[in-house]
Every structure is written in C-alpha cells, then in structure tokens.
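Q: I should like to learn how pockets, cavities and helix crossings are read from a model. Please explain each one on the structure shown here.

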Amino acid sequence: MNIQRLILIDDNRVDNFVNLRMLKAAGLVGEFLVFENPREAFEWFCSPQGSDPNTAAESIVLLDINMPDLSGFQLMDKLQREHPTGLPDYLILMLTSSNDLADQVRASNYERVLGYFHKPLTVQKIEKSLIPLLGSLFDKAS
Amino acid sequence: MSSDAIVILFIEDSKEDLELCQHALRSGGLEFTSYHTSSFEEFRSQIRYNPPDIIISDYRLPEFTALDALMHLKEYKIDVPLLVVSGFVGEENAVEFLRQGAVDYIPKEALKKLSTSVKRALTEVQLKREKRLAQEKLEIEIERNKKLVTAMSEGLVLLDDRGQIIFTNATFQKLLGYTESELQSKRWIELLHNAPDFVPLISRVEGRREAQLLSKLGETIWVDISTSEIRINDERQIIQVISDKSAERENEAQLKELNSEMEQLIYRASHDLRGPISSLEGLLESIKLSHPDIEIEEAAREMIADAYQILDSLTLVTKFQQKKLSVETNFIKPILVGLCENLFAKINTRIKFNLNVNDVYTDHEALRTIFYNLLDNILRHARTQDKTLSISFSSQRINNQILITIEDNGPGIPQEHSKNIFKMFYRANPSLRSTGLGLYLSKKIAKRLGGDLYLSQGEVVGSKFILSLPDPISETYHEHPAFNID
C-alpha cells in the first residue's frame with residue numbers, strides 16, 4: 001500500500017499511543033507524525049513539507065474532533081482559510097468519542113474528510129473499513 | 001304596637017284635669033296604665049328609672065313648664081314622645097312646643113282629639129324605633145364587611161362592566177403601591193402587564209387565571225385572579241379576587257434554574273466521560289496485541305460496556321428534556337414487534353396483542369425509548385427465570401387518555417420495591433447488571449409527552465406497567481394541550 005505518511009492529531013496522549021499501535025498492528029507502514037497540539041499540527045501543514053501536494057495525496061490524517069483549544073473542525077477551517085498555498089488534498093479521517101449525530105453530519109460537510117471513526121481505533125476497524133477504503137482509492141488512482 | 005297596655009306619665013298638678021284626660025283617652029278606646037307627677041325632680045327620676053311610653057304634659061306647673069321637660073328629654077337623649085295638653089297658650093307658644101320636639105299640642109277644649117293623637121304618636125315612635133334598629137343593623141353590617149375586606153389577605157377589586165375600577169381594598173392598593181383614589185381613576189386593563197389588544201366587553205369572565213400585573217413602580221407581579229360577576233341594580237359588576245403569587249413564582253424560577261444547571265451538568269458529564277472511557281477501551285485493545293489474556297479482557301470489556309450504558313442513559317435523560325418533540329402518528333404494534341424481535345431473539349417468548357387503540361400521536365423516538373426500556377427491563381428479569389416468557393400488550397381509550405399496558409409473567413416486582421422503581425439509580429435486583437436509570441428515564445419521558453408511566457398494583461404473577469398518553473381525539477386535549485411543542 002502506497003501510504004507515505006500517517007499524521008495523528010489528538011490532544012490525548014493515550015489515544016495517540018493506542019491509535020499508533022493499532023495502525024502499525026494492522027500492517028500500515030510509513031512515516032508516522034504525532035501531534036498533541038493542533039496548533040503545532042497547523043504550523044507543520046503550513047511548512048513546505050506539509051504543503052507538498054504529492055506526498056499529501058499519499059498521506060492519511062487522523063484528526064480528533066474534540067480538542068479543547070482548537071477542535072478538529074476548527075483546525076480544518078483554519079487550514080482552509082489560512083494555509084499560505086492552499087491545503088493540498090490530504091486523506092482525512094475524523095475521530096471522536098462522542099455519539100453525537102451532529103458531529104457526523106458536520107464531518108460530512110467537509111469535502112476532504114473521507115470518514116469518521118468512533119474511538120478507540122481497533123485493528124478490526126482498521127481492517128474492516130480503513131484498508132478497503134484506501135485500497136479502492138489507490139486502485140482507482142493507479 | 002305591643003299588646004301590653006301602654007304606660008303614660010302625666011305631668012299635671014290638677015287632679016281634675018288629670019281625670020279629664022284619662023277619661024278622654026279611655027273613651028277613645030285606649031288601654032293604658034298611668035302615673036303622674038308635678039315636681040321636676042320626680043319627673044327626672046321617673047323618666048330615668050321608670051320610663052313611660054308617652055308623656056302627656058300640662059303647659060305650666062308651679063315648678064316648671066312643658067318646655068323645661070322637653071329640654072330635659074333632649075339633653076339626656078331620652079326618646080319618649082311628649083304631648084302638651086293645655087288651656088290657652090297662644091299660637092306662638094304652641095309653635096315653640098312643636099319646635100322643641102313635642103309631638104302635638106292639644107288645647108283643653110279639644111280633648112276628644114287626645115286619644116287619636118296619642119295613638120299616632122306611639123305609632124310614629126314605633127316606626128322610628130324600627131327604622132333606627134334597621135339602620136343600626138345595616139351600619140354594623142357595613143362596618144363588618146369593611147373590616148373583612150380590609151383584613152383580607154387577598155386583593156379585592158370591583159369593576160363596572162366597562163372595566164372601570166369602582167373599588168379596591170387595602171391589600172390590593174398595597175400590592176401595587178397605588179392609593180385608593182389613584183386606582184379609582186384607572187381602568188383594569190391599565191394594570192395588566194401584556195394587556196390584550198382586544199377585550200370583549202359582553203363576554204362572561206368568571207373563572208380563575210394567572211396574570212401579571214404592573215405596580216406603580218413598573219414592576220411586574222405574578223398573581224392569581226379569581227373573577228366573578230354580580231348584578232347590582234341591574235348593572236353588571238365584576239369582582240376580582242387577587243392573590244400574590246410572586247414569591248411562589250420566584251421559587252419556581254429558582255428551581256427551574258437549578259434544574260437546568262443539573263441537566264447541563266449531566267449533559268456535560270455524560271459527554272466528557274466518554275473520552276477517558278474510550279481511551280481505556282483503546283488501551284485494552286492495545287494490551288491485547290502484546291499480552292492476550294481473555295479473562296481480564298472480557299471482564300474489562302464488561303466494565304466498559306456498563307460505563308457506556310450509564311453514559312447513554314444519562315445522555316437520554318437530558319436529551320428528551322431539551323429536545324424538540326416531533327409529534328406524528330405512531331402505530332404501536334410494528335414498534336413493539338420490532339423491539340421484541342430484537343430483544344427476545346434468544347429466549348423463548350410468547351407475545352399477545354389486544355389493542356383497542358392502534359396508533360398514538362406523539363414523538364416517535366420518545367415512545368420507542370419508553371417501550372425499549374420497559375421491554376429491556378422485562379428481559380433482564382426474565383433471564384433469572386427458567387420458563388417461557390409471555391408478554392401481553394393491550395391498549396384502550398379512557399378519560400381523554402390512551403393507556404398502553406404491558407404485562408409479563410416474569411418474577412414481578414415485590415411490594416417493597418414498587419414505590420422506588422421509578423427513582424433515579426434505583427435497582428430492585430442489585431445482582432442484575434443495569435444502570436438503574438431505565439424506568440426513571442421512561443417515566444420522565446412519558447411526562448414530557450404529557451402522559452405518565454406507572455406500575456399497576458395487585459398482580460399475583462409478573463409485572464404490569466401502564467403508559468398513559470394524552471388522547472388527541474378528546475376535546476380537553478385541544479383546549480389544554482399537555483404537549484409543549486416549543
């Protein structure tokens with residue numbers, strides 16, 4: 001699978017730790033980037049590295065919705081508004097521990113958001129939904 | 001006039017004249033007893049200690065005149081008529097007698113007239129007395145009513161049929177801070193906060209209602225108004241009895257605020273706790289990768305499932321309080337069948353329907369949640385028994401309500417628990433895994449829908465829950481919708 005980079009953004013250290021292990025256990029390989037502070041993630045996306053459209057197309061972002069300072073949605077808005085060269089097409093997946101339907105609806109309003117995961121991420125969930133999704137995306141691309 | 005013979009006091013110094021008078025009276029058909037005096041001192045004491053019905057006085061006596069006697073009666077406010085019988089006194093004196101309060105003057109030459117005059121005087125006295133008694137009674141009554149109206153803890157307002165204020169009592173004046181005269185120049189409508197644009201004048205207004213009045217300082221005051229109509233001289237007047245509800249309202253408002261804070265707290269807690277629990281769940285998954293231990297994993301999973309269940313129920317508790325109800329027609333049977341198929345798939349169950357009402361007009365999700373909780377409750381308890389579970393559903397229309405009954409043949413609910421099962425976090429059987437919120441929540445939702453949920457007593461086997469919902473077909477439903485579709 002042609003995943004170059006996996007970017008995890010979650011203010012909860014434990015969740016990042018678990019998600020990272022699950023992704024690795026499910027057999028995903030590549031460069032792993034972990035942000036506990038969404039503002040640091042914002043800085044990185046705006047850097048030349050984060051702005052490269054070629055790697056972006058082969059990068060997965062796991063973005064937690066419920067973060068105190070800047071929520072997942074707010075980070076998305078901020079990136080779309082303030083990214084110096086325009087946010088390239090990342091494959092974005094939202095994460096949430098809430099069962100609020102409103103979050104799900106809101107997530108579907110973002111074009112770049114591919115899906116929505118209830119935490120915790122498990123190997124089964126990754127194998128059942130994420131991998132087939134990526135498979136279909138990259139098959140079409142190749 | 002009383003049947004007793006009348007008592008006459010003669011003021012006379014001539015025995016001859018006295019007998020002439022007595023004779024004249026008897027020939028006039030008057031029955032009487034009499035005594036006489038010619039001294040002023042004796043007259044005074046007789047009048048005081050032995051008052052007669054009437055006094056017949058000569059004009060001039062050695063010690064005093066009839067005028068002195070009249071003055072004395074006047075001075076001591078003694079209400080006994082005095083009649084003057086005398087020889088020639090001259091017109092001037094005669095007029096003076098009458099002016100000083102004598103009931104009549106009879107010249108000695110006209111003694112024939114005496115009995116008629118006495119009778120007339122006595123009748124007049126009697127009438128005057130009766131009138132005075134009635135007047136006194138009326139005054140006492142007025143005074144008492146005045147005191148009643150003043151002492152009333154309720155405000156009292158009297159309006160004419162055009163809404164003009166005619167009378168207010170002290171309590172009402174104090175409540176609004178106006179003086180009596182200020183209020184008497186006002187119309188009732190000027191005292192209302194949110195006065196209606198149109199007030200029909202002819203409509204009947206009797207009844208009770210709550211309203212907000214405006215005080216002189218512009219404050220609004222919640223009151224309870226009880227209105228009734230009276231007719232005075234064929235004119236319609238309106239009585240308003242007003243009791244101050246502002247303290248009660250304030251308490252209510254405080255309670256509401258506290259309540260809403262509590263709900264906020266529950267809402268926040270039920271959402272915020274999900275984060276750490278899902279993190280724990282993640283950690284569990286990740287331990288599984290390196291050190292699989294089925295037993296610990298299952299135990300931990302069970303705990304986590306419990307925690308989620310509590311959070312879900314707590315979320316529902318606040319959800320139905322705040323959620324807008326979307327009212328629609330719900331067919332009872334398909335909902336129940338769907339839930340039963342889901343819940344009772346793994347156990348032997350017999351289900352019976354006896355529905356007299358097939359559909360209810362209410363919020364679908366709320367109704368489904370109540371049914372789910374009730375059936376889930378049945379399922380949990382049925383699992384403790386080793387027999388075929390049988391459930392029967394019935395519905396009927398009674399007294400503007402639709403009653404839906406769910407009965408089972410499970411272990412039932414012992415008397416000692418029946419009072420508590422609708423309480424928050426109450427669990428009748430602590431060995432069962434449950435949140436203790438299901439029935440509490442269901443009752444709360446039922447009330448939100450304008451109905452109620454209760455346990456029917458006196459069943460030998462099993463439990464019997466009754467859900468009541470407002471009946472949209474009944475008339476009272478339209479007049480006072482229990483629904484709060486805000």
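Q: Which helix gives the largest share of the lining of the largest pocket?
A: In this predicted model, the largest share is 9 residues, from H12(B). The pocket has a volume of about 1000 Å³. Its lining counts 42 residues, and the closest to the centre are Ser313(B), Tyr372(B), Asn373(B), Gly438(B) and Leu441(B). Helices H8 (246-272), H10 (294-322), H12 (364-382) and H14 (438-448) of chain B are the elements that give two or more residues to this lining.

Q: How many residues of each class, nonpolar, polar and charged, are in the lining of the largest pocket?
A: There are 19 polar residues, 14 nonpolar and 9 charged.

Q: How is empty space inside a model found, and how many cavities of 30 Å³ or more are counted here?
A: Rolling a probe the size of a water molecule over the atoms shows where empty space is left. In this structure the count comes to 2 cavities of 30 Å³ or more.

Q: What lines the largest cavity?
A: This cavity has a volume of about 70 Å³. Its lining consists of Asn377(B), Ile378(B), His381(B), Asp408(B), Gly410(B), Pro411(B), Gly412(B), Ile413(B) and Ser463(B). H12(B) gives the most, with 3 residues. By class, the lining has 5 polar, 3 nonpolar and 1 charged.

Q: Which residues line the second largest cavity?
A: The second largest cavity holds about 50 Å³ of space. Ile9(A), Phe45(A), Val61(A), Leu63(A), Leu75(A), Met76(A), Leu79(A), Leu87(A), Tyr90(A) and Ile92(A) form its lining. Strand S3 (59-64) and helix H5 (72-82) of chain A each supply at least two of these residues, and H5(A) gives the most, with 3. The lining divides into 10 nonpolar residues, no polar and no charged.

Q: At roughly what angle do the axes of H1 of chain A and H9 of chain B cross?
A: The axes of H1 (residues 13-25) of chain A and H9 (residues 274-290) of chain B cross at roughly 40° and come within 9 Å. H1(A) is therefore oblique to H9(B). The crossing is left-handed. Residues making the contact include Phe17(A) and Met22(A) of H1(A), with Leu283(B) and Leu289(B) of H9(B). The contact residues comprise 7 nonpolar, 4 polar and 3 charged.

Q: Is the crossing of H2(B) with H3(B) left-handed or right-handed?
A: H2(B) passes H3(B) in a right-handed crossing. The axes of H2 (residues 40-49) and H3 (residues 66-75), both of chain B, come within 12 Å and cross at roughly 35°. Phe40(B), Phe43(B), Arg44(B) and Ile47(B) of H2(B) meet Asp68(B), Ala69(B), His72(B) and Leu73(B) of H3(B).

Conventions
Residues are numbered from 1 along each chain as its sequence is written. Chains are lettered from A and ligands numbered from 1 in the order in which they are written. This is a predicted model: local features need pLDDT of at least 70, side-chain atom pairs count only at pLDDT 80 or more; totals for chains, interfaces and linings use all residues. Side-chain values use heavy atoms; hydrogens and water are left out. Axes are lines fitted to C-alpha atoms, for helices over the stretch in contact, and angles run from 0 to 180 degrees between N-to-C directions. Helices (H or I, at least four residues) and strands (E, at least two) are DSSP runs, numbered from the N terminus. Angles under 35 degrees count as roughly parallel, over 145 as roughly antiparallel, 65 to 115 as roughly perpendicular and the rest as oblique. A crossing is left-handed if the near helix is turned anticlockwise from the far one by less than a right angle, and right-handed if clockwise. Contact means heavy atoms within 4.5 Å. Ala, Val, Leu, Ile, Met, Phe, Trp, Tyr, Cys and Pro count as nonpolar, Asp, Glu, Lys and Arg as charged, and the others, Gly among them, as polar. On a 1 Å grid over the protein atoms alone, a cavity is a set of points where a 1.4 Å probe fits but cannot get out, and a pocket is an open set with protein on both sides within 12 Å along at least five of seven lines; lining residues have an atom within 4 Å of a point. Grid points are joined across faces, edges and corners, and a volume is the space filled by probe spheres set on the points.
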